[in-house]
Amino acid sequence: MAKKKMGLEDLGGFVFSTNENFDENELTDNEHQENLNPKDQKLEAHFSNKGRGGKTVTIIKGFVGPEEELISLGKNLKKKCGVGGSTKDGEIIIQGDDREKIMEILNKEGYNVKRVGG
């Protein structure tokens with residue numbers, strides 16, 4: 001049986017901090033995350049095959065904004081590349097090494113994309 005992860009809500013919402021300027025809402029306020037324009041985003045296109053059974057993937061990191069927008073951008077990239085993938089932990093994972101194609105798509109949409117690694 002999988003162990004249930006506990007969050008602040010499971011602890012009754014009690015948070016202790018020695019910081020005088022601490023704001024409890026900063027920890028749980030993900031819905032009101034700042035929404036940057038694509039030109040202000042600094043995305044990174046990574047290549048990876050570690051932990052995936054030798055399968056290659058392209059990982060887009062550095063997106064700032066709501067989770068729904070990240071998911072929408074991931075769906076758009078998967079559709080235009082004609083491949084599968086997922087969106088989790090603030091990253092977009094696209095199957096295959098399509099960094100050049102993905103960078104070109106993101107640049108056309110106004111994002112600043114930097115190639116990182118190999």
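Q: When do two strands count as a pair?
A: Two strands pair if DSSP finds at least two bridges between them. In this predicted model, five bridges join strand E1 (residues 42–48) to strand E5 (residues 112–116). Five bridges meet the requirement of at least two, so E1 and E5 are paired. The two strands run parallel. Lys42 stands opposite Asn112 in E5, and the bridge partner of Leu43 in E5 is Val113.

Q: How do you know that E1 and strand E2 (residues 57–61) pair, and in which sense?
A: The same cut-off of at least two bridges applies. E1 and E2 have five bridges, so they count as paired. Their sense is antiparallel. Ser48 stands opposite Val57 in E2.

Q: What is the order of the strands in the sheet, and what kind of pairing does the sheet have?
A: The five strands form an open sheet in the order E3-E4-E2-E1-E5, and the pairing is mixed. Both senses can be seen at E1, which is parallel to E5 and antiparallel to E2.

Q: Why is one side of E3 and of E5 without a neighbour in the sheet?
A: Strand E3 (85–88) and E5 stand at the edges and each has a single partner strand, so one side of each has no neighbour in the sheet. On average, neighbouring strands of this sheet are turned by 20° against each other, direction ignored.

Q: Which strands do the helices H2 and H3 meet?
A: H2 packs on the sheet and touches E2, E3 and strand E4 (91–95), its direction making about 15° with that of E4. An angle under 35 degrees counts as roughly parallel, so H2 is roughly parallel to E4. H3 lies across E1, E2, E4 and E5 and runs at about 165° to E5. Since angles over 145 degrees count as roughly antiparallel, H3 is therefore roughly antiparallel to E5.

Q: Why is helix H2 (residues 67–81) called oblique to helix H3 (residues 99–108)?
A: The axes of H2 and H3 come within 11 Å and cross at roughly 125°. That angle is outside the ranges for roughly parallel, roughly perpendicular and roughly antiparallel, so H2 is oblique to H3. The crossing is right-handed. Leu73, Leu77, Lys80 and Cys81 of H2 make the contact with Lys101, Ile102, Ile105 and Leu106 of H3.

Q: How do you know whether Thr58 is buried or exposed?
A: Thr58 is found in strand E2. Its relative accessibility is 0%, and buried means under 20%, so Thr58 counts as buried. Leaving aside neighbours within four places in sequence, the residues in contact with Thr58 include His46, Ile92, Gly96, Asp98 and Ile102.

Q: What makes the approach of the Thr58 side chain to Gly96 a polar contact?
A: The limit for a pair of N or O atoms is 3.5 Å. The side chain of Thr58 reaches the backbone oxygen of Gly96 at 2.8 Å, which is within that limit. A polar atom of the Thr58 side chain also lies 3.2 Å from the backbone nitrogen of Asp98.

Q: Which accessibility class does Glu100 belong to?
A: Glu100 lies in helix H3. Its relative accessible area is 48%; this lies between the limits of 20% and 50%, so Glu100 is partly exposed. Glu100 and Arg115 are 15 residues apart in sequence and 8.5 Å apart in space, C-alpha to C-alpha.

Technical notes:
Residues are numbered from 1 along each chain as its sequence is written. This is a predicted model: local features need pLDDT of at least 70, side-chain atom pairs count only at pLDDT 80 or more; totals for chains, interfaces and linings use all residues. Side-chain values use heavy atoms; hydrogens and water are left out. Helices (H or I, at least four residues) and strands (E, at least two) are DSSP runs, numbered from the N terminus. Buried means under 20% relative accessible area, exposed over 50%, partly exposed in between (1.4 Å probe, protein chains only). A polar contact is a pair of N or O atoms within 3.5 Å; within protein, one must be able to donate a hydrogen and the other to accept it, and residues adjacent in sequence count only if both atoms are side-chain atoms. Contact means heavy atoms within 4.5 Å. Axes are lines fitted to C-alpha atoms, for helices over the stretch in contact, and angles run from 0 to 180 degrees between N-to-C directions. Angles under 35 degrees count as roughly parallel, over 145 as roughly antiparallel, 65 to 115 as roughly perpendicular and the rest as oblique. A crossing is left-handed if the near helix is turned anticlockwise from the far one by less than a right angle, and right-handed if clockwise.
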